Amino acid sequence: MPDSRRLAMLDGYRALAIFLVIGYHYFVRWTPPEAPENLYPYGGLGAHVWPFRYGYLGVELFFMVSGFVISMTLFRSRNVLHFAQKRFARLFPSMLLCSVLTFAVLWALPQQAFHPRLRDFAPSLTFTDPVFWSRLFGRDFAGVDGSYWSLFVEAKFYFWICLLYFSIDSRHFFNAAAMLLAALTLATAGAHLLHLPHPDLPDTLFAISSLPWFAAGIGFYALYAKRGSRTGWWLLAASALSLSAITFGQSRHPAVPLLAMAVFDGLFLLMLYRPGWLSWLASRPVAAVGVASYSLYLLHQDIGVAVLSVSRTVLNAGAALPSTAIAAGVALALTVASLLIYRYWEVPARALLLRRPWDDAKRTAPGGASGDSARSD
């Protein structure tokens, strides 16, 4: 399978991840015991179905894809500013639009479940932890949508991995990433075992609990860049050991994330060594959803659950539409909206933000010469 098709499978993994997360948020997250009251018109129906019950692990699959893609982006970046520019162009336009849409829709709907505030735009648009803003101003801050927490984690990863990459020779990047993961895991485990003050501080600064998933993605990129890379295999082993150390100390069900990592590792190994087995994940319909999954992730939770909550009142008034069909309808509508946002907002905005002044000169040069083709990282 050509590299372009193989990398298209990453978009298929993004599609799989977003559908897992949507299933969790539309069937599990907002009904007891996960929430104090039920917001779904179908109650707890589906809450114990495994793909829905553990759908929150789709976020970890996103983190693994990010570890792979960000490694690739770093090797294609000239310096810190170039990397930051590409990340900003990729993330900010959709965050801006989706935050505004979420705020407007939630205030327009006759619902009582979600109440975003204007100050919640501050952490959302800067991709910074709301805890920072709460401590700075002495007031409660949050993301415009509750699902934005993972973007704050991603931003921490971008910062530290970029700092690491541009501080050393790129040939030592994978080894350095493995050593950093091991050091941070040991520091976190030691802080908890010794009952040191503020044992969660390393996690607040470095997102330790999510770092093993990013590290696994980095390991798979090492295997992709150099088939059979021993450092890549070492990174995969280190990520599994690190996750074990973290989950067995802090999770009620430590086996679940380890099983999830094993499954996700299997998906990446198939992409690298047996891509034909999962070629359907690289098909245009599936990959298209993966490409637009960022906007879909930003929109799906609070808007979707608010619509479900409002529909509960309608159904109680005697509507005949099967209640579970509403969840599918909401997911489909938001998927279509995300595809449109990607095509008509995200792509043009990214091209504009990444445009270099000399590109216009190339486009107008004698003989019809054109600038470099855009490359999405």
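Helix α3 is largely enclosed by the rest of the structure, because 17 of its 18 residues are buried (under 20% relative accessible area, with a 1.4 Å probe and protein chains only). The model is predicted, and local features need pLDDT of at least 70, side-chain atom pairs count only at pLDDT 80 or more, and totals for chains, interfaces and linings use all residues. Residues are numbered from 1 along each chain as its sequence is written, and side-chain values use heavy atoms, with hydrogens and water left out.

Helix α3 comprises residues 58–75, helices being DSSP runs of H or I of at least four residues, numbered from the N terminus. At 1.5 Å a residue, its expected span is 26 Å (1.5 Å times one less than the number of residues). The end C-alpha atoms of α3 lie 26 Å apart, in agreement with that value.

Asp145 occupies the loop between α6 (130–137) and α7 (149–167). Although buried, Asp145 has no salt bridge (a side-chain nitrogen of Lys or Arg within 4 Å of a carboxyl oxygen of Asp or Glu). Arg29, the nearest side chain of opposite charge, is 9.8 Å away from Asp145. The Asp145 side chain instead makes polar contacts with the side chains of Ser147, at 2.7 Å, and Gln301, at 3.4 Å (N or O atoms within 3.5 Å, one able to donate a hydrogen and the other to accept it; residues adjacent in sequence count only if both atoms are side-chain atoms).

Ala287, in helix α13 (residues 284–291), counts as buried because its relative accessibility is 10%. Ala287 and Leu10 are 277 residues apart in sequence, yet their C-alpha atoms are 8.0 Å apart in space.

Key: Helix = DSSP H or I, 4+ residues; strand = E, 2+ residues; numbered from the N terminus. Buried < 20%, exposed > 50% of the residue type's maximum accessible area, 1.4 Å probe, protein only. Lys, Arg positive; Asp, Glu negative; His and termini not counted.
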